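Colleague: Please pick one part of this model and walk me through it closely, start to finish. Give me the cut-offs as you go.

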Amino acid sequence: MGDAYRELLDYLKAKDQQGEHKREEAKAKALEELTALKKQTFAHISFYNCINAADTLEDGVDAALTSQKELYDALLGFSGMMAGFSFIGLPLGNPPVTYLQAVAYFLLILGFGGCMVAALMSFIATLFIKGLMQEPWVCVRDCFFKWNPYLYCTNFLAIGGPFMLFLGVNVMVHDFFTDRDEVDCWRKGMGDGADKCTFSLGLPISLNVLSLIFLLVLCWLFYGAVLKSQRGRRITKAIEERR
């Protein structure tokens, strides 16, 4: 009885080791396929790290899909919020009366459209990714990375929309401060008979310069933290070793 029990334990142990070997082999093959793509977008980095850290390939794929779904959920909320801000800036029914107002309205309409498209694409991406949950790696690889380049455009639309809002507000600043009648000079009395002053052109220009500084800082941060390949990443090392 004891010999039979030991034989059963040895058989189960060998079976378990064989299953563990197959799981590790499946993970290694998936990581090799990701490395062969030679791309380092957020999706590729997320899939590589999640699969590498998970016990099984299936757990890693589901963790990566969950991460992507959370990303597009966040983009959906952000794009919808920025579309609302752009819509508020549009005085519907009131045509522009100056050239600067026409330019500002045009930029705001572009921003509103970009944010709305980004929100709709994020919604579609969320449904698409949710439908891939619990699917085998081959299905996820063929479907997700086929449509990922198009879904990735959502990121740029979500940035381009607020950028149009940013430009529109900076144009509106010039219209607000320069296209105005003279006002009472607060240092020289108020009311009838008071001296009149005009707004200085330095006010809108100073706001434009300050906005430009913030924009350059944001562009530098986005490029350095998101677009630029970060040295030391696992997928970066794997791609470099493959060359």
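Modeller: Let's settle one word before anything else: contact, or touching, means heavy atoms within 4.5 Å. On that basis, among contacts in the protein chain between residues at least 6 apart in sequence, 70% join residues at least 24 apart. Bear in mind that this is a predicted model, where local features need pLDDT of at least 70 and side-chain atom pairs count only at pLDDT 80 or more, while totals for chains, interfaces and linings use all residues. Residues are numbered from 1 along each chain as its sequence is written, and side-chain values use heavy atoms, with hydrogens and water left out.

The chain has 7 helices and 2 strands, taken as DSSP runs numbered from the N terminus (H or I of at least four residues for helices, E of at least two for strands). Read from the N terminus, the order is α-α-α-α-α-β-β-α-α. Of its 243 residues, 31% are buried; here buried means under 20% relative accessible area, exposed means over 50%, and partly exposed is in between, with a 1.4 Å probe and protein chains only.

The part I'd zoom in on is where α2 meets α5. Two packed helices are described by the angle between their axes and the distance between the axes. The axes are lines fitted to C-alpha atoms, for helices over the stretch in contact, and the angles run from 0 to 180 degrees between N-to-C directions. Helix α2 covers residues 42–53 and α5 covers 137–178; they pack at about 160°, axes 12 Å apart. That makes α2 roughly antiparallel to α5, going by a scheme in which angles under 35 degrees are roughly parallel, over 145 roughly antiparallel, 65 to 115 roughly perpendicular and the rest oblique. The crossing of α2 over α5 is right-handed, meaning the near helix is turned clockwise from the far one by less than a right angle, whereas anticlockwise would be left-handed.

Who does the touching? From α2 it's Ala43, His44, Phe47 and Ile51, and from α5 it's Trp137, Val140, Phe144, Phe145 and Asn148. That set splits into 7 nonpolar, 2 polar and no charged residues, where Ala, Val, Leu, Ile, Met, Phe, Trp, Tyr, Cys and Pro count as nonpolar, Asp, Glu, Lys and Arg as charged, and the others, Gly among them, as polar.

Several of those names come back in the core. By nonpolar core I mean a set of buried Ala, Val, Leu, Ile, Met, Phe, Trp, Tyr and Cys residues joined through side-chain atoms within 4.5 Å. The largest one has 25 residues, and those touching the most other members are Phe47, Ile51, Val61, Leu65, Trp137 and Phe144. Two or more residues come from each of α1 (2–36), α2, α3 (57–88), α4 (99–132) and α5. Val61 is a nice example: leaving out residues up to four places away in sequence, Val61 touches Phe47, Ile51, Trp137 and Val140. Another core, of 6 residues, lies apart from that one and includes Met82, Ala83, Leu90 and Leu108.

Now for a residue that isn't on the nonpolar list. Gln68 sits in helix α3 and is buried, at a relative accessible area of 1%. Beyond the four nearest places in sequence, Gln68 touches Phe42, Ala43, Ser46, Phe47, Ile129 and Phe144.

Leu37, in the loop between α1 and α2, joins in too. Leu37 is partly exposed, at 39% relative accessible area, and past its neighbours within four places it contacts His44 and Phe145. Leu37 and Phe145 are 108 residues apart in sequence, with 9.9 Å from C-alpha to C-alpha.

What sits around this patch? α4 also packs on α5, at about 160° with axes 7 Å apart, which makes α4 roughly antiparallel to α5. This time the crossing is left-handed, and the contact residues divide into 31 nonpolar, 9 polar and 1 charged. The loop between α4 and α5 holds Gln134, which has a positive phi of about 70° although it is not a glycine. Gln134 is exposed, at 65% relative accessible area. Further along α5 is Gly161, buried at 1% and touching Gly111 and Cys115, again not counting residues up to four places away.
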